[in-house]
Amino acid sequence: MYPFTYNSRPARVIFGSGTVAQLPAEVERLGLKRVLVLSTAQQQGQAEALSASLGERSGGVFAGARMHTPTAVTDEATALVVEAAIDGFVAVGGGSTTGLAKALALRTDLPQIILPTTFAGSEMTPILGETRDGRKVTQSNTKILPEVVIYDVDLTLTMPVQLCVTSGINAAAHAVEALYAQDRNPVVSLMASAGVEALVSALPAIVANPDDRDARGKALYGAWLCGICLGSVGMALHHKLCHTLGGLFDLPHSETHTVILPHALRYNEAAAPEAIAALKSAMGQADPARTFFDLAAGLGAPTALQDLGMPVEGIGEAVEQALENPYWNPRDLEKEALRALLVNAYRGAPP
């Protein structure tokens, strides 16, 4: 047994079906008087419904959340927080809306209640990635961790099947990197293995029957476990590349993670034998990297960066930016090997 340190995160989690009905009680439990309900423009209807359910405790809706958490959007929302005397946030949506809530909490130290509608997992972390001038910067702070997360399987029933797949593989990426993290520990590794196992079995079932409530519940459970992994230990090459590509080219978040995961895992596999052994057991497959690639391709998810809108001339710039600030990875970061990784991912070649 290797030495380790384990810190649990003090977030309150409510999981089930119909749990959105507990939102007013949670707002009251936190002593909040005027909460701002956050969403993207596409999910404004859900935000308006939640706002109505809160009655006089709602301070309004801000439906301007955007992918990669641009600081300009956060500045706009911060001005509304001050103007409306807001004392807390309710966020309904995926990683974009959760990111906005976390950015606002970092600036104001006000409490957050998150209602995820995808399998993003970021709601379980004290980590925030913000984009300014084409560069995504990530930081960790105790102010960023949401106070309450309400998981309601019913909120995922309208999530398009393809978003289920990419969002689920994005969540699995958190678990993969947790298994070979420098500060890994046996508790988080158990969660990582269970999270991957749940997602890999649930996603094909959702594609086969989009109305399968049990499969969506299993995937949401797996995403929760993977989110805990993301918030508990350090990430490595996969997340660095995805943040770099997202910041530089404004690529869609979960789709980028879906494309990069098999290639980043292949890059690191020889240096992470214990992680590979755990993934083989969880997935029931001999080649985890190829299994993730085949899973995405077989379920109709993207497998090539060129299909996400990345310019081919951006490969070199992405390699340079990924190497700018040193970070831990189980395998040394080699410029030409990283270039080869991104060329394969750009083309959609198998890892």
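**Group meeting: a parallel sheet, its helices and two cores**

I will begin with a single loop residue, Asp133, which is exposed, with a relative accessible area of 77%. Please keep in mind throughout that what we are looking at is a predicted model. Asp133 sits in the loop that connects β6, residues 127–132, to β7, residues 135–140, and although Asp133 is not a glycine, its phi is positive, at about 55°.

A second residue with a backbone of this kind is His68, which is not a glycine either and has a positive phi of about 70°. His68 is placed in the loop between β3 and α3, the latter covering residues 71–83. Is His68 buried or exposed? With a relative accessible area of 7%, His68 counts as buried, because the cut-off for that word is under 20%.

Let me turn to the sheet. In which order do the strands of the open sheet run? There are 6 of them, arranged as β1-β8-β5-β4-β2-β3, and the pairing is parallel. At the edges we find β1, residues 12–16, and β3, residues 58–62, each of which pairs on one side only. From one strand to its neighbour the sheet turns by 15° on average, if direction is ignored. Looking inside the sheet, strand β5, residues 112–116, and strand β8, residues 148–152, are paired in the parallel sense over 2 bridges, and in one of the details Ile113 has Val148 in β8 as its bridge partner.

Two helices that pack on this sheet deserve a mention. Helix α4 touches β2, β3, β4 and β5, and its direction makes about 165° with that of β4. Helix α7, residues 213–232, also packs on the sheet, but touches β1 and β8, with a direction at about 165° to that of β1.

Staying with α4, which spans residues 95–108, we find Thr97 within it. Thr97 is buried, its relative accessible area being 1%, and once residues up to four places away in sequence are set aside, Thr97 touches Leu38, Ser39, Thr40, Ala65, Ala91 and Val92.

Next, the nonpolar interior. The largest nonpolar core holds 68 residues, and those touching the most other members are Leu38, Phe89, Leu100, Phe119, Val196, Leu265 and Phe292. Which helix gives the most to this core? That is α5, residues 161–179, with 10 residues. Apart from this core there is another, of 24 residues, including Leu241, Cys242, Leu305 and Ala345. As general background, nonpolar side chains in soluble globular proteins tend to be buried together. To take Leu100 as an example, and leaving aside neighbours within four places in sequence, Leu100 is in contact with Leu38, Phe62, Ala65, Thr69, Val73, Thr74 and Ala77.

Finally, a helix pair. Two packed helices are described by the angle between their axes and the distance between the axes. For helix α6, residues 186–208, and helix α10, residues 273–283, the angle is about 40° and the axes lie 8 Å apart, while the crossing of α6 past α10 is right-handed. Which residues meet there? From α6 come Ser193, Val196, Glu197 and Val200, and from α10 come Ala278, Leu279, Ala282 and Met283. Sorted by class, this contact comprises 6 nonpolar, 1 polar and 1 charged residues. Val196, then, takes part in this helix contact and is also among the residues that touch the most other members of the largest core.

Key:
Residues are numbered from 1 along each chain as its sequence is written. This is a predicted model: local features need pLDDT of at least 70, side-chain atom pairs count only at pLDDT 80 or more; totals for chains, interfaces and linings use all residues. Side-chain values use heavy atoms; hydrogens and water are left out. A nonpolar core is a set of buried Ala, Val, Leu, Ile, Met, Phe, Trp, Tyr and Cys residues joined through side-chain atoms within 4.5 Å. Buried means under 20% relative accessible area, exposed over 50%, partly exposed in between (1.4 Å probe, protein chains only). Helices (H or I, at least four residues) and strands (E, at least two) are DSSP runs, numbered from the N terminus. Contact means heavy atoms within 4.5 Å. Two strands pair if DSSP finds at least two bridges between them. Axes are lines fitted to C-alpha atoms, for helices over the stretch in contact, and angles run from 0 to 180 degrees between N-to-C directions. A crossing is left-handed if the near helix is turned anticlockwise from the far one by less than a right angle, and right-handed if clockwise. Ala, Val, Leu, Ile, Met, Phe, Trp, Tyr, Cys and Pro count as nonpolar, Asp, Glu, Lys and Arg as charged, and the others, Gly among them, as polar.
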